[in-house]
Amino acid sequence: LHEVMPEEQADVFLGHIRRALETQHPVDTEYSLRIGGEEVWFAGTVSPMQEDSVIYVARDISERKRAEEEVRRLNKDLEDRVAERTAQLQSTLVELRESEERYRAVIEQSAEGLYLLDANTKRVIETNPSLQRMLGYSGEELRGMELYDLIELPREEVDATLRRTLERGYRPVGERKYRRKNGKLVDVEIGASVIHH
């Protein structure tokens, strides 16, 4: 072995042979050799034949090794891209969270009563503390209420106003009567803008 292989590799092979002889069981191995300036991979099995002899069978697995290396490289590229995309998404999430916090601060600290309405269902989605105080409802009570429950107008007029607001994209400032929780009416000046989301 030492005549045909580098010393270190020959020592490894001798170790496999000794183990096969000591255990009387085959020993499987994979290794590479430089042949004609090229790295060639082999899968080998050292099988004990008698007490002091073995048979060594090897086959060329270079193609498989190249395929495995390509799979490893592609997996590494994919992992790198996933890590990069994850970092981008985490950064975007932080930005969205900060944006949400700014939005909340503006809405919740506004002295004007504000609410978001689902134009299709005509139900309140969200309100701010000023509107809650003005009408005497909690945020939970207002959430899901229909616009008809708040505005002192016939349904047809509420529908027509909402339709015009959606067509224009806004509703000019005007006066309305809103109904408080206790049933009393309060005069309010209102304006509306369409928000697409």
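1. Two residues are said to be in contact when heavy atoms of theirs lie within 4.5 Å. With that meaning in hand, one can look at the contacts in the protein chain between residues at least 6 apart in sequence, and among these 29% join residues at least 24 apart. The model discussed in this note is a predicted one.

2. A word on the overall layout may help before the details. The protein chain has 6 helices and 7 strands, and from the N terminus on these elements follow the order α-β-β-β-α-β-β-α-α-α-α-β-β. The radius of gyration of the protein chain is 39 Å, whereas the globule rule gives 16 Å for 197 residues, so the chain is more spread out than a compact globule. Along the principal axes, the C-alpha atoms of the protein chain fill a box of roughly 105 × 35 × 30 Å, and buried residues account for 27% of the 197 residues.

3. The sheet that follows helix α1 in the order of elements deserves a careful look. Strands of a sheet pair through backbone hydrogen bonds, either parallel or antiparallel. Here 3 strands form an open sheet in the order β1-β2-β3, and their pairing is antiparallel. The edge strands, each of which pairs on one side only, are β1 (27-35) and β3 (53-60), and from one strand to the next the twist averages 30 degrees. Between β1 and strand β2 (residues 38-50) the antiparallel pairing extends over 9 bridges, and I35 stands opposite E38 in β2.

4. Two helices should be considered together with this sheet. Helix α1 (residues 7-23) lies across β1, β2 and β3, and runs at about 160 degrees to β1. Helix α2 (residues 62-109) also packs on the sheet, where it touches β1, β2 and β3, and its direction makes about 125 degrees with that of β2.

5. One residue of helix α1 gives a concrete view of this packing, namely H16, which is found in that helix. Is H16 buried or exposed? H16 counts as buried because its relative accessibility is 11%, and the cut-off for that class is under 20% relative accessible area. If its neighbours within four places in sequence are left aside, H16 is in contact with V27, T29 and V46. Of these partners, V27 falls within the range given for β1 (27-35), and V46 falls within the range given for β2 (residues 38-50).

6. The salt bridges, of which the count comes to 16, include two examples within helix α2. In one of them R66 is joined to E63, with the closest N and O atoms 2.8 Å apart; the two residues are 3 residues apart in helix α2, which means that about one helical turn separates them. R66 counts as partly exposed at 41% relative accessibility, while E63, at 58%, counts as exposed. In the other, K65 forms a salt bridge with E68, and here the closest N and O atoms are 3.7 Å apart. Both K65 and E68 lie in helix α2, again 3 residues apart, or about one turn of the helix. K65 counts as buried at 16% relative accessibility, whereas E68 counts as partly exposed at 27%.

7. A further salt bridge is formed where the side chains of K177 and D187 meet, at 2.6 Å from N to O. Because K177 lies in strand β6 and D187 in strand β7, this pair ties together parts that are 10 residues apart in sequence. K177 is partly exposed, with a relative accessible area of 37%, and D187, at 58% relative accessibility, counts as exposed. Elsewhere, salt bridges that share partners join E30, R64, K65 and E68 into one network.

8. Helix α6 (residues 155-168) allows a simple check of geometry. At 1.5 Å a residue its 14 residues should span 20 Å, and its end C-alpha atoms are 20 Å apart, which agrees. Which residues are buried in α6? They are V158, A160, T161, L162 and T165, and the buried residues of this helix pack against β4 (115-118), α5 (147-150), β6 (170-179) and β7 (185-193). Just after α6 comes G169, which takes a positive phi of about 95 degrees.

Key. Residues are numbered from 1 along each chain as its sequence is written. This is a predicted model: local features need pLDDT of at least 70, side-chain atom pairs count only at pLDDT 80 or more; totals for chains, interfaces and linings use all residues. Side-chain values use heavy atoms; hydrogens and water are left out. Two strands pair if DSSP finds at least two bridges between them. Helices (H or I, at least four residues) and strands (E, at least two) are DSSP runs, numbered from the N terminus. Axes are lines fitted to C-alpha atoms, for helices over the stretch in contact, and angles run from 0 to 180 degrees between N-to-C directions. The expected span of a helix is 1.5 Å times one less than its number of residues. Buried means under 20% relative accessible area, exposed over 50%, partly exposed in between (1.4 Å probe, protein chains only). A salt bridge is a side-chain nitrogen of Lys or Arg within 4 Å of a carboxyl oxygen of Asp or Glu. The radius of gyration is taken over C-alpha atoms; the globule rule is 2.2 Å times the number of residues to the power 0.38.
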